[in-house]
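I sat down with a fresh notebook page and a new model to look through. Here are my entries, in the order I made them.

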Amino acid sequence: MNCQHFFKTPKSFPVPYLHLRTSALGLQAIDFTHTPGENDPLTETMRAVIKALENYFNGTLYDFNLPLDLIGSSFQKQVWQALQSIPYAQTRSYAQIAAQIAKPKAYRALGNANHANPCPIVVPCHRVVRANGELGGYEGGVKIKAWLLDHEQHHLH
């Protein structure tokens with residue numbers, strides 16, 4: 001059963017809501033939005049996603065362990081899995097991720113897969129930065145990326 005929910009983010013977060021979508025298999029998508037919509041009756045999967053996000057924003061969750069139902073190519077899924085291995089409050093360069101997946105010349109394709117990540121925050125594409133340490137782009141905007149990285153540094157255990 002598919003479910004959608006509009007999660008209210010902390011006041012300091014640059015966008016007021018996360019639009020969450022789940023299937024019977026797991027979390028499918030997180031979108032940043034300024035306007036809430038109708039919430040479906042909560043499924044167990046959605047309850048788990050909401051609880052995990054609450055704990056993340058409260059600074060008490062460092063690793064997401066949620067079932068995911070990500071739709072993408074095999075290369076995209078390989079990149080998204082590599083992103084999940086980046087430890088909390090740390091960053092990796094595109095080159096480091098490309099080397100990790102044994103495709104050291106695939107920077108552009110890796111950047112495109114990173115950009116297409118359907119579950120930001122949970123699949124932490126915000127932790128990928130340019131080789132010189134600059135933030136680079138982010139689907140939700142650089143303000144969100146900077147906020148997430150600062151949040152993680154502030155709550156590092």
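I began with the pairing rule: two strands pair if DSSP finds at least two bridges between them. Helices (H or I, at least four residues) and strands (E, at least two) are DSSP runs, numbered from the N terminus.

**Ground rules.** I am working with a predicted model, where local features need pLDDT of at least 70 and side-chain atom pairs count only at pLDDT 80 or more, while totals for chains, interfaces and linings use all residues. Residues are numbered from 1 along each chain as its sequence is written, and side-chain values use heavy atoms, with hydrogens and water left out.

**Overall build.** I found five helices and five strands in the protein. Reading from the N terminus, I wrote the order down as β-β-β-α-α-β-α-α-β-α.

Next I looked up the dimensions. The C-alpha trace spans about 45 × 35 × 30 Å along its principal axes. The radius of gyration is 15 Å, which agrees with the value near 15 Å for a compact globule of 157 residues. That radius is taken over C-alpha atoms, and the globule rule is 2.2 Å times the number of residues to the power 0.38.

**Cover and contacts.** I sorted residues into buried (under 20% relative accessible area), exposed (over 50%) and partly exposed in between, with a 1.4 Å probe and protein chains only. Buried residues make up 45% of the 157.

For contacts I used heavy atoms within 4.5 Å. Of the contacts with a separation of 6 or more, 57% are between residues 24 or more positions apart.

**Strands 1 to 3.** I spent a happy while on strand 2, residues 17-22, where five of the six residues are buried. Strand 1 (residues 3-8) runs antiparallel to strand 2, and six bridges join them. On the other pairing, strand 2 meets strand 3 (residues 27-33) in the antiparallel sense, again over six bridges. Within that second pair, L18 stands opposite F32 in strand 3.

What lies between strand 2 and strand 3? I noted a hairpin with four residues between the two strands, and G26 in the turn has a positive phi of about 155 degrees.

**C3 and H5.** Both caught my eye in strand 1, so I looked up each in turn. C3 is buried, with a relative accessible area of 3%. The bridge partner of C3 in strand 2 is T22. Leaving out residues up to four places away in sequence, I listed what C3 touches: L20, R21, T22, D40, P41, L42, T43 and M46. I also checked C3 against E134, which is 131 residues away in sequence and 36 Å away in space, C-alpha to C-alpha.

Is H5 buried or exposed? H5 is buried, at a relative accessible area of 14%. With residues up to four places away in sequence not counted, H5 touches L18, H19, L20, N39, L42, M46 and I50.

**Two positive phi values.** I then turned to the loops. A102 has a phi near 60 degrees, a positive value in a residue other than glycine. A102 sits in the loop between helix 3 (94-100) and helix 4 (107-115), and A102 is exposed, with a relative accessible area of 61%.

I121 is not a glycine either, yet has a positive phi of about 80 degrees. I located I121 in the loop between helix 4 and strand 5 (128-129). I121 is buried, with a relative accessible area of 1%.
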